[in-house]
Amino acid sequence: MNLALTITKKEIKSYFNSPAAYIVLVIFLLLSGWFFASPLFINNQANLRTLFSIIPLLYLFFIPAITMGLLSREKNTGTIEILATLPIKDTQIIMGKFWASVSLIGVGLLLTLVHFITILLLGTNVDFGAIFCGYIGLMFLGAVYSSIGIFASSITSNQIVALIISFFIIFFLFVIKFFLMFVPDFMVGIFQFLSIDYHFSNIIRGVIDTRNIIYFVSLIVLFLKLAQASLENRNWK
Amino acid sequence: MIRLQNLTKDYGLIRAVDHVNFEINEGEILGFLGPNGAGKTTTLRMITCFLSPTSGNIEVENMNIKNKQLEIKKLIGYLPEHNPLYIDMTVYDYLKFIADIRGISNFASRIKEVIEQCGLNGVVHKPINTLSKGYKQRVGFAQAILHDPKILILDEPTSGLDPNQIVEIRELIKELGKEKTLIISSHILQEVQAVCNRIIIINEGKIVADGSTEELQSAFQNKTKLILELIAPENEIVDISNNIIETSILSISSLSETTVKVEIEFDSANDKRAEIFSFIKSKEWTLLEMHRENISLEAVFRSLTIDGGEK
């Protein structure tokens, strides 16, 4: 078996061995359900737009929480010394942790399919394409945030510090769009391209553009590489 | 074989390990000794590829740590200082995880063997955080020997254990150390003395002594101190040093009305015990006891590490 998957398996086990994963999933489902269901009949539209716009906000709180311990706890308890002296590459450690976080997000999104079923039962003319793209977009978004969370977790041995760092990085990418009006004209394009919301809103509109995918993938690669560099450095003590 | 060449590690401005050179041959049991903060753990961490050296080089079985890290890691079993463990896992899950990463194909039988060897039978399916410290240490051992490594590195394996557990762990080390190259770091002398056949003493990042237990003792023992208990008239004792050349009496004290305790010193290279005995016989004194006071490794260690390593 691939060694990264061994790490993933271990992390997923440890997520579900503690109440943490269940609490996170239940609260995620409750909040997304509430935000989705309350304006449903006012809008009177058979789509998941409200869900897709609220989940990125929920991610802002949940993903730092599920990724904060992935590396910082290993450092804090010293188990990183076991892990790093096993015949496994640092890349595999990072990828294993990354897939674990992405899998937990996947489980969360899978649970929100109940809202999709609600739409199916209540509405007509459901735009399957847009919903499919929305979920793809949410997975990418979750993967980007996971990579940021893992990076934050890799630079400290304190989970709370990791939580705060990843929260602020994600928050920054999230709010760039509000600064667009303050930047000079010639830089608007750049800032818009940096804004995570710009790319995400493209996708949930049902347009999956390679530019958006490249943006997401390059952010993921960037933060995972940074995490790997920080893990190799081992100067965090 | 492990070879360290000019190994140096800096943490910022602090030099933790300073141009360390030594070789460990196959099958050797090396005690790596030094006070806390001497650079033991840092050195071991570099051998296990956890830290990279600032300068210098390490070769394990002729493989360089710069480009053969994965291969070297496969050869080494390592029990880090403070024995970190995934405490929310059960013993079995933990060993299974290690076996998966190490790619041990017959893991079921191997885990069973190791559990047997480390005496973990009763606790296999218990979460590690519910175990006592002694058992946790055994789990750490099980992890380190799971892949039957050629080289076993134990960083302060008995620290924090109670005396009974220390004895158990020492037995375990002796048992496990058969047919393996073993490095044990410690700041406790008896431990190293009990298990190892070679000792390296390190202080402030530098090696201050390297040799077998006996060598180290004799190197720092150029005078032998002999302690005698005699039934003899106290005022005639001085005759010993007057009649036998190159001996000096350090002290004479009377233990009771008839018995006297005498301390005599002479050069270790020049054994005077036979002459002393025949002198006593010729005087027709009664010899109750005669023994050499061994300079302990403890004294060697203290003299090396407290005076800044000056020989």
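This report walks through a predicted model of two chains, A and B, starting with their overall build and ending with the contact between them.

## The two chains side by side

Let us begin with secondary structure. Chain A comes to 13 helices and 0 strands, and from the N terminus on its elements are α throughout. Chain B, in turn, has 11 helices and 14 strands.

The table sets out some overall values for each chain.

| Chain | Residues | Radius of gyration | Globule value | Span along principal axes | Buried residues |
|---|---|---|---|---|---|
| A | 237 residues | 19 Å | near 18 Å | roughly 55 × 45 × 30 Å | 41% |
| B | 311 residues | 25 Å | near 19 Å | about 75 × 45 × 30 Å | 38% |

For chain A, the radius of gyration of 19 Å agrees with the value near 18 Å for a compact globule of 237 residues. For chain B, a compact globule of 311 residues would come out near 19 Å, but the chain has 25 Å.

Chain B is divided into domain 1, covering 2–213, and domain 2, covering 223–293. Taken over C-alpha atoms, the centres of these two domains of chain B are separated by 47 Å.

The contact patterns can be read in a similar way. If we take contacts in chain A between residues at least 6 apart in sequence, 79% join residues at least 24 apart. In chain B, the corresponding share is 69%.

## The open sheet of chain B

A good place to look next is the sheet in chain B. Here 6 strands form an open sheet in the order β6-β7-β8-β3-β9-β10, with mixed pairing. At the edges stand β6 (76–79) and β10 (206–211) of chain B, each with a single partner strand, so one side of each is left without a neighbour in the sheet. From one strand to the next, the twist averages 15°.

Within this sheet, β3 (residues 29–33) of chain B deserves a visit. Is this strand covered or exposed? It is mostly covered, with 5 of its 5 residues buried. B:Ile29, B:Gly31 and B:Leu33 point one way from β3(B), while B:Leu30 and B:Phe32 point the other way, and all are buried.

The partners of β3(B) are easy to trace. β3(B) and β8(B) run parallel and are joined by 5 bridges, and B:Ile29 stands opposite B:Leu182 in β8(B). β3(B) also pairs with β9(B) in the parallel sense, over 4 bridges; there, the bridge partner of B:Leu33 is B:Ile201 in β9(B).

Moving along the sheet, β7 (residues 151–155) and β8 (residues 181–186) of chain B pair in the parallel sense over 5 bridges. In this part of the sheet, B:Asp155 has B:Ser185 of β8(B) as its bridge partner.

A helix joins the picture as well. Helix α5 (residues 133–145) of chain B lies across β6 and β7 of chain B, and α5(B) runs at about 165° to β6(B).

## Two glutamates with positive phi

Two loop residues are worth a stop for their backbone angles. B:Glu61 has a positive phi of about 50° although it is not a glycine. Its place is the loop between β4 (55–60) and β5 (63–64) of chain B. With 15 other C-beta atoms within 10 Å, B:Glu61 is partly exposed.

B:Glu204 has a positive phi of about 50° and is not a glycine either. Its loop lies between β9 (198–203) and β10 of chain B, two strands that belong to the open sheet described above. B:Glu204 is partly exposed, with 17 other C-beta atoms within 10 Å.

## Where the chains touch

Finally, how many residues does each chain bring to the contact? Chain B gives 18 residues and chain A gives 18 residues. On the side of chain B that touches chain A, α2 (69–75) and α3 (91–102) of chain B each supply at least two residues. The largest share of that side, 4 residues, comes from α3(B). By class, the side of chain B that touches chain A has 11 nonpolar, 2 polar and 5 charged residues.

Terms used
Residues are numbered from 1 along each chain as its sequence is written. Chains are lettered from A and ligands numbered from 1 in the order in which they are written. This is a predicted model: local features need pLDDT of at least 70, side-chain atom pairs count only at pLDDT 80 or more; totals for chains, interfaces and linings use all residues. Two strands pair if DSSP finds at least two bridges between them. Axes are lines fitted to C-alpha atoms, for helices over the stretch in contact, and angles run from 0 to 180 degrees between N-to-C directions. Two residues are in contact if their C-beta atoms, placed from the backbone, lie within 7 Å. Ala, Val, Leu, Ile, Met, Phe, Trp, Tyr, Cys and Pro count as nonpolar, Asp, Glu, Lys and Arg as charged, and the others, Gly among them, as polar. Domain bounds come from an automatic or database domain assignment. A residue is buried if 20 or more other C-beta atoms lie within 10 Å of its own, exposed if 12 or fewer, and partly exposed in between; C-beta atoms are placed from the backbone. The radius of gyration is taken over C-alpha atoms; the globule rule is 2.2 Å times the number of residues to the power 0.38.
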